[in-house]
Structures are given as C-alpha cells and as structure tokens.
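New to this one? Here's a quick briefing to read with the model open beside you.

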Amino acid sequence: MTKIELVIGNKNYSSWSLRGWLALRMSGAQFDEILVPLDRPETRAAIAAHSPTGLVPLLKCGDEVVWDSLAIAEWSAERYPEAGLWPSNPAARAVARSVCAEMHSGFSALRGEFPMSIRREEQGRAFSSETQKDIERICELWTFCREKFGQDGPFLFGSASIADAFFAPVVSRFRTYRVQLEGPTKDYAQTILEWPLFQEWIAVAHEEPFKIGKYEE
Ligand SMILES: N[C@@H](CCC(=O)N[C@@H](CS)C(=O)NCC(=O)O)C(=O)O
C-alpha cells in the first residue's frame, strides 16, 4: 500500500490543516503526519520543501501531491467511498458541497478577527459588524442543514461528513471568543466539541510547545 503523508501546521492554530486532517481521518486511511510549526524563521523553507503554494495542508501519496484542504477532502472521499464522507442523498450532498465552498471562500471577517487558537480562553470581546454578519450566516447555515438533513444524527447532515470537518474550526473559534449560541446551533457546536476525532486533535493542540504571539493577543 502506498504511503500517505499529510503535511500540516500547528494543531493549535492551523484551521485549514484541521479540516484536511479530519477529512482524511474520517476516511479511515492510515497516514503519517508531518507537522511544520508556523511563523518561525524556518517555516517558509520547511513548507516549500513539500508544497507548491507555500501553504498547508498538503497530502502526498506516492507521486501524487494534493494541496488545499478542499482538494484533500475530495481526494479522501473519492479514494475511500465506503467511508461516506459526503452525504449519500444527492440533494443533501449538493448542499454539503455548497456549505463547504462557502466556508472555503468566505467568512473572511470572522477568520481575520477570531483566529483559531484552540487553547485560548477569552472573556468575550467586541467585534465588527462584518464578523457579526458572518456569525449570523453561519448560524443560518447550521440551522438549515440540521433541520432539513440532520434527522439521522447530531451532525449537519446526520452522520459526520466533510461539512463538519469544514466547520469544526469555526466551532472552536466560537468557543474561544464566547460567541453566544442558542437552540440547534448550540447543540451542534457541542456535538463538534465532543466529536472524538476533534477531541484527539484538541488534546495534541494543548500539549504543543509552540506559541504564535499575534494569535494569543
Ligand atoms: N485555501 C487553503 C488555505 C491554506 C492556508 O492558508 N494555510 C495556512 C495555515 S492555516 C498556511 O499554510 N500558512 C502559511 C504560513 O503561515 O506560513 C486551504 O484550504 O488549504
């Protein structure tokens, strides 16, 4: 079996790495992790040794190289179809792909103002109206998916899918910055925080020695 490697950044900070890692873990693939600590003098060269974009995550399998979290998620779904990483119902699958695409290309105010730092505990802080809009849209999406497609389990489309991998870092940000959630969005966030795969990532994030000052202020 060809060896699979996933190049990722710090587990505490690298939200895109978390998405790719969750998708690959959900697939059941056996893989090795190569963790490159971010924001250090040697980071750029260390990532460039693997990645044509200078970004993580990146997957290597033999001579295949797959960069970008969404492409890694699609690769995982295609190679491990039995894992059901996308919902089996075509209508649900189309929505799942849409919400992942929306996450992948949007919510820049939220991502900029609320950097992911899994270990961090804030008392709550003021944020811009753009971030407020992002929060409202995310809550609308979660509520819609849960109501329309979530009958068979606690995740967005019932059982865990790539869509949950894409929103797990948002749940972590909502926890850190104490964004108040209610009803189905609160329940969904709790599901993600208790998701065993995410718990595994969180445990390592707590043990990591690396700190990036700008994400701790
Ligand atoms: N669109 C890319 C974004 C990847 C990205 O921005 N990764 C960040 C870490 S989360 C990175 O590699 N930054 C390089 C650095 O900090 O040196 C994806 O979905 O994978």
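What follows is a short tour by topic.

Keep in mind that this is a predicted model. The chain is assigned two domains: domain 1 covers 4-83 plus 204-215, and domain 2 covers 90-200. Most of the tour goes to a four-stranded sheet, the helices that pack on it, and the shell around the ligand.

**The two domains**

- Measuring over C-alpha atoms puts the centres of domain 1 and domain 2 20 Å apart.
- Where the domains meet, 15 residues of domain 1 are in contact with 15 residues of domain 2.
- On the domain 1 side of that meeting, helix 1 (15-27), helix 3 (69-79) and helix 9 (196-207) each chip in at least two residues.
- Helix 1 gives the largest share of this side, with seven residues.
- Sorted by class, the side of domain 1 that touches domain 2 has ten nonpolar residues, three polar ones and two charged ones.

**The sheet**

- Four strands make up an open sheet, lined up in the order 2-1-3-4, and the pairing is mixed.
- Strand 2 (32-35) and strand 4 (64-67) sit at the edges with a single partner strand each, so one side of each has no neighbour in the sheet.
- On average, neighbouring strands of this sheet are turned by 20° against each other, if you ignore direction.
- Strand 1 (residues 4-8) and strand 3 (residues 58-61) run antiparallel and are joined by four bridges. If you'd like to find this pairing by eye, look for Val7, which stands opposite Leu58 in strand 3.
- Strand 3 also pairs with strand 4, again in the antiparallel sense and over four bridges. Here Leu59 has Val66 of strand 4 as its bridge partner.
- Strand 3 and strand 4 form a hairpin with two residues between the strands, and in this hairpin Gly62 takes a positive phi near 60°.

**Helices on the sheet**

- Which strands does helix 1 touch as it packs on the sheet? They are strand 1 and strand 3, and the direction of helix 1 makes about 155° with that of strand 1.
- Helix 3 packs on the sheet too, touching strand 3 and strand 4, and its direction makes about 130° with that of strand 4.

**Helix 1 against helix 3**

- The axes of these two helices come within 8 Å and cross at roughly 0°.
- Helix 1 and helix 3 are therefore roughly parallel to each other.
- From helix 1, the contact uses Trp16, Arg19, Gly20, Ala23, Leu24 and Ser27, while helix 3 brings Ser69, Ile72, Ala73, Ser76 and Arg79.
- By class, that contact has five nonpolar, four polar and two charged residues.

**Around the ligand**

- The ligand is surrounded by 15 residues, and the closest are Ser14, Trp16, Leu55, Asp68 and Ser69.
- Helix 1 and helix 3 are the elements that give two or more residues to this shell.
- The largest share of the shell comes from helix 1, with three residues.
- The class count for the shell is six nonpolar, seven polar and two charged residues.

**One to look at twice**

- Helix 1 is worth following from end to end: it gives the largest share of the domain 1 side facing domain 2, and it also gives the largest share of the ligand shell.
- Trp16 of helix 1 is part of the contact with helix 3, and Trp16 is also among the residues closest to the ligand.
- Likewise, Ser69 of helix 3 takes part in the contact with helix 1 and is listed among the closest to the ligand.

How values were computed. Residues numbered from 1 in each chain as written. Predicted model: local features only at pLDDT ≥ 70, side-chain atom pairs only at ≥ 80, totals over all residues. Domains from an automatic or database assignment. Contact = placed C-beta atoms within 7 Å. Nonpolar A, V, L, I, M, F, W, Y, C, P; charged D, E, K, R; others polar. Near = placed C-beta within 6 Å. Pairing = 2+ DSSP bridges. Axes fitted to C-alpha atoms, helices over the stretch in contact; angles between N-to-C directions. Parallel < 35°, antiparallel > 145°, perpendicular 65-115°, else oblique.
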